[in-house]
Amino acid sequence: MSIHSQDTIAAIATPSGRGGVGIIRISGPQVKDIARAITRVLPQPRFAHYCDFLDAEGEVLDQGIALYFRAPHSFTGEDVLELQGHGGPVVMDMLLDRCLKLGARLARPGEFSERAYLNDKMDLSQAEAIADLIDSETTTAARLATRSLQGSFSSKIHELVDALIRLRLYVEAAIDFPEEEIDFLSNGKVSTDLLYIIDKIKDIRAKAGTGRLLRDGIDLVIAGEPNAGKSSLLNALAGAEAAIVTAVPGTTRDVLCERIQIGGVPVHLLDTAGLRETSDRVEREGVRRARAALHKADQLLWVYDAGADPGNRGMAQADLPTGIPVTLVRNKVDKVNEAPARGERQGLPEISLCARSGEGLELLKEHLLSSMGFQGAENTEFLARRRHLDAIDRTLAALQKGSIALEQHQAGELLAEDLRQAQRALSEITGAFSANDLLGEIFSSFCIGK
């Protein structure tokens, strides 16, 4: 899959703003010429070279370190030059402009990583791990992104793809020798190998599901009638006075967002306006926004007042969206002299607590982790994305379809096609099979300079 681009690309690889050090990264066939023009020399590969950075008239733009990496021993697999100067935005812009006038063009977001993938320096899941490491919201996610970058996820996928290829060869050999097909398919080997692969895929799916949670987290929306204690619950979960709490119904007029962690899982917490009919134009807009937030939630917390609405009649009129998991939060149990508890009501899980004092909050957190299917970071080896889960699900579906074709019909041709589809879906994770539009979507989300 190696490519040899005629373009030389350049970008600032450090965050915008002031800093002690700023880095310009350049990759492509003109790197040597650009290095000689800016530094007067071509630095020895992989050695730090302290020098002046010069403009077109030979005047010094900055002083710093030049690092040259000769192809293919570089991040992108091409000649790469890094100019490490002072991190002022004006200095960086002047230096980048100098590189562009020497023949480089400005890199697209993620183009350095894309070239590394296209030049076989890493597979697609490893390239994605670079962005995941940069975007990590928790220390656990950062550690797992590093493992994915080092190939933990890729190696497991490659092992399963190899197992699928071996099984395909065996099954297709049976098809090529039809007089022996029944013996080949009924001797137990194919069935045993197929079940082994299915079990391994299921194990990967469980770990990938947890890895996806640690990467993306969930959108958790707090809803309920006015004055049920929604904002108090937001404050309790956030550990800060993020929302105004008063005894006046309808205090919350807009959707309030907080980013928190529960057991290492990122949670995007949204507090919404109380759902009720109102003539107040501002509050009515708040209710509209609240309902819009409900439809985007991964999970809902319906908060109600244990004293004012002991049977939770309010939710019946709420017209909540279907298909989104709901947990009932029976709040203000201190007012009815009840202890925090975990139970069920109206066929839904229910947590009884006091948001103001924090009693019962741990019960809610434990329930949320359980309802997410989170098995603990210690059982997770890598991060995963939604597209990875989709590919694994399609792989599993193809294999289970093939198992039926084998067990019920001894249909070698159907099984061979299902195995081919499974291999293709699984290979999408590492990029062995990838459409160009998918690559564009993935790498466009990267930082410029990566």
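**Helix pairs and sheets in the predicted model**

Helices α4 and α5 are roughly antiparallel to each other (the label for angles over 145 degrees; under 35 counts as roughly parallel, 65 to 115 as roughly perpendicular, and the rest as oblique). The model is a predicted one, in which local features need pLDDT of at least 70 and side-chain atom pairs count only at pLDDT 80 or more, while totals for chains, interfaces and linings use all residues. Residues are numbered from 1 along each chain as its sequence is written, and side-chain values rest on heavy atoms, with hydrogens and water left out. Helices (H or I, at least four residues) and strands (E, at least two) are DSSP runs counted from the N terminus.

Back to the first pair: the axes of α4 (residues 124-135) and α5 (residues 139-149) come within 8 Å, crossing at roughly 160 degrees. Axes here are lines fitted to C-alpha atoms, for helices over the stretch in contact, and angles between N-to-C directions run from 0 to 180 degrees. The two helices cross in a left-handed way (the near helix is turned anticlockwise from the far one by less than a right angle; clockwise would be right-handed). On the α4 side, Q126, A129, I130, D132 and L133 make the contact, and on the α5 side A142, A145, T146, S148 and L149 do, where contact means heavy atoms within 4.5 Å. Sorted by class, this contact holds six nonpolar, three polar and one charged residues; Ala, Val, Leu, Ile, Met, Phe, Trp, Tyr, Cys and Pro count as nonpolar, Asp, Glu, Lys and Arg as charged, and the others, Gly among them, as polar.

Another helix pair is α8 (residues 189-216) with α12, whose axes come within 9 Å and cross at roughly 160 degrees. That angle makes α8 roughly antiparallel to α12. The crossing of α8 past α12 is left-handed, and the contact residues split into twelve nonpolar, six polar and seven charged.

Helix α12 also turns up in a salt bridge, which is a side-chain nitrogen of Lys or Arg within 4 Å of a carboxyl oxygen of Asp or Glu. By that rule the count is 28 salt bridges. In one of them, the side chains of E128 and R387 meet at 2.7 Å, N to O. E128 belongs to α4 and R387 to α12 (residues 386-409), so this pair ties together parts that sit 259 residues apart in sequence.

On to the sheets. Six strands make an open sheet with mixed pairing, in the order β3-β4-β5-β2-β1-β6; two strands pair if DSSP finds at least two bridges between them. β3 (49-54) and β6 (105-106) are the edge strands, each pairing on one side only. β1 (residues 9-12) runs parallel to β6 and is joined to it by two bridges, with I9 opposite R105 in β6. Helix α1 (residues 31-39) packs on this sheet, where it touches β2 (22-27), β3, β4 (60-69) and β5 (80-85), and its direction makes about 80 degrees with that of β3. Helix α3 (residues 111-118) packs on the sheet too, touching β1, β2 and β6 at about 135 degrees to the direction of β1.

Within the six-stranded sheet, β1 and β2 pair in the antiparallel sense over four bridges, and A10 stands opposite I26 in β2. β3 and β4 are antiparallel as well, over six bridges, with L54 opposite V60 in β4. These two strands form a hairpin with five residues between them, and G58 in the turn has a positive phi of about 85 degrees.

Seven strands build an open sheet, again with mixed pairing, in the order β8-β9-β7-β10-β11-β13-β12. Its edges are β8 (256-262) and β12 (341-345), each pairing on one side only, and the twist from one strand to the next averages 30 degrees. β8 pairs with β9 (residues 265-271) in the antiparallel sense over seven bridges; R259 has H268 in β9 as its bridge partner. Helix α11 (residues 361-372) packs on this sheet, touching β7 (218-224), β8, β9, β10 (299-305), β11 (326-331), β12 and β13 (348-352), and its direction makes about 150 degrees with that of β10.

Two backbone details round things off. Most residues other than glycine have a negative phi, and most peptide bonds are trans. The A71 to P72 peptide bond is cis, with omega near 5 degrees, and P72 is in the loop between β4 and β5. K332, in the loop between β11 and β12, is a residue other than glycine with a positive phi, near 65 degrees.
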